[in-house]
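Reader: Can you take me through the inside of this one? I'd like to start with empty space, then packing.
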Amino acid sequence: MTTKDLISILPLMILVGWACILLLLDAFITGDKEGWTAIFAALGLAVVLGFSVAQFGQEYRTFNDMIVVDGFARFLNVIFAGSGIIAIALAYDYLKRMDLDRGEFYALLMFSISGMLLMSMAADLIVIFLALELLSIPLYVLAGFARPKLESEEAALKYFLLGAFASGFVVYGVALCFGAAATTSLGDIVSAIMAGTADLSLLVTGAALIFIGLGFKVAVVPFHMWTPDVYHGAPSPVAGFMAIGAKAAGFAALLRVYLAALPSLADELVPVVWAIAAITMFVGNIVAIAQRNIKRMLAYSSIAHAGYILMAFVTFGQSDVAGDTVAATLFYLVAYALTNLGSWAVVIALEQKEGRGLNLDDYFGLSTKYPGLAASMAVFMLSFIGVPPTLGFLGKFYLFRTVLQGGYVWLAIIGVVTSLISAYYYLRVVVNMYMHEGEPAVRLDPWLRLVSVGSAIGVVLLSLLSIPLFNWASKAILTMF
């Protein structure tokens, strides 16, 4: 192990070490230990965020090319660390209000984020599997953090069982890829394909199995069954973080594996991916219409947005569109992160014990009593639909542009049609807030207020200043092997 190896994974080492120290501090701090634990956790993530930003422009290929630190990894690390800080702000008052204020929450969150950091840098199939487990196992525990609440225990059990099942697909796929190319290194797999020594039929099978495992993590149809129940039963800050963190990590692995190492398999895989993207957009948006619980509605919304991102991924075999595929995906993940975490802040503000405050009817009259909160939620709903001037509109614009550049006109049409369908259930929330009378019970602590209002301002402001952000995403191109 060289100094260069250690420097390349410095943010990851800092985060893991900080999480371990946090567990020890939690055992010795007296008084408001959860408050101090939350502060220390946020400080650790801020340090990681600072290191990730400071190392932009530097590129490392370390640990015998098992780790690649490039602009792609740095961009995603900023998303993961930033989302983690916001998740801590969402959880601080929520955990106290729900009698869940246990310090290990923040350590588990940091361990999960460390798995996401590793996923973005992984250039070997074995490292990808290790990262997948490192990010998933803490999330299994966090999903059941509201024990002995039955819904939370059910969420953790379902997530664990289906997650373990999906991990089996990934392991089997890795084994088949190793059998096909005699290596698990993405760079060496490319070399084996180019040299004609790889068994392509076996490699296609392995790639398909890996896609199934990662498809579970990003929640695309038909690997989405866990999503509504887990989002419903898990503590709301966990569900909000899971919706962006796990999804971004899954797509990071998909882009790294398929776009950088397996574009030659596009002819065999693209028709299946095309169909999955189309079905995911339809199922997520249509089933969301029937939901009366806002957490379940946001769960199906998350499924639909996975379909939108997968729509751009369909072009992974076209080298002339590869840069736009990466840039559009990263830009959309930023837009979705801000919109999603902001909307969950509003959900948490209205949520009460025993699941009260989670029905759509509980949003009646919110604009009269809390106009700022209602306006923020309206911005988030419009951004989900893709209405200008919001970041969600530009995110979908870049995704659709990439799909059209790839020649998949019908897939883009399906994306537009499903976006129109989604307007029904998103606008229903706006109608409830502004066109019905009611007395919503809201607990809006300063951190929730900051996240909701700040995210709403960010969604609008960044849409007006989107060119620098998209240029930044465009420079975060995958290191090709």
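Reader: How many cavities of 30 Å³ or more turn up in the whole structure?
Author: Three. Keep in mind that this is a predicted model.

Reader: How much space is in the largest cavity?
Author: About 40 Å³.

Reader: And which residues line the largest cavity?
Author: His305, Tyr332, Ala335, Tyr336, Thr339, Ser383, Phe384 and Gly392. By class, that lining has four nonpolar, four polar and no charged residues.

Reader: Which helix supplies the largest share there?
Author: α14, with four residues. Both α14 and α16 (371–385) supply at least two residues each.

Reader: OK, the second largest cavity. What's its volume?
Author: About 40 Å³. Its lining is Ala87, Phe105, Leu109, Leu139, Leu142, Pro237, Val238 and Phe241.

Reader: How does that lining divide by class?
Author: Eight nonpolar, no polar and no charged.

Reader: Which helices each supply at least two residues to it?
Author: α5 (104–121), α6 (125–143) and α11 (236–259). The largest share, three residues, comes from α11.

Reader: Switching to packing. Which residues touch the most other members of the largest nonpolar core?
Author: Tyr258, Leu262 and Met377, in a core of 192 residues. Helix α14 (residues 322–350) gives the most to this core, 21 residues.

Reader: What does Tyr258 touch, leaving out residues up to four places away in sequence?
Author: Ala207, Ile210, Phe211, Pro263, Leu269, Phe313 and Phe316.

Reader: Back to α14, then. Where does it show up?
Author: In two of the places we covered. α14 gives the most residues to the largest nonpolar core, and the largest share of the lining of the largest cavity also comes from α14.

Notes:
Residues numbered from 1 in each chain as written. Predicted model: local features only at pLDDT ≥ 70, side-chain atom pairs only at ≥ 80, totals over all residues. Heavy atoms only, no water. Core = buried A, V, L, I, M, F, W, Y, C linked by side-chain atoms within 4.5 Å. Buried < 20%, exposed > 50% of the residue type's maximum accessible area, 1.4 Å probe, protein only. Contact = heavy atoms within 4.5 Å. 1 Å grid on protein atoms, 1.4 Å probe; cavity = no way out; pocket = protein on both sides within 12 Å on 5 of 7 lines; lining within 4 Å. Points joined across faces, edges and corners; volume = space filled by probe spheres on them. Nonpolar A, V, L, I, M, F, W, Y, C, P; charged D, E, K, R; others polar.
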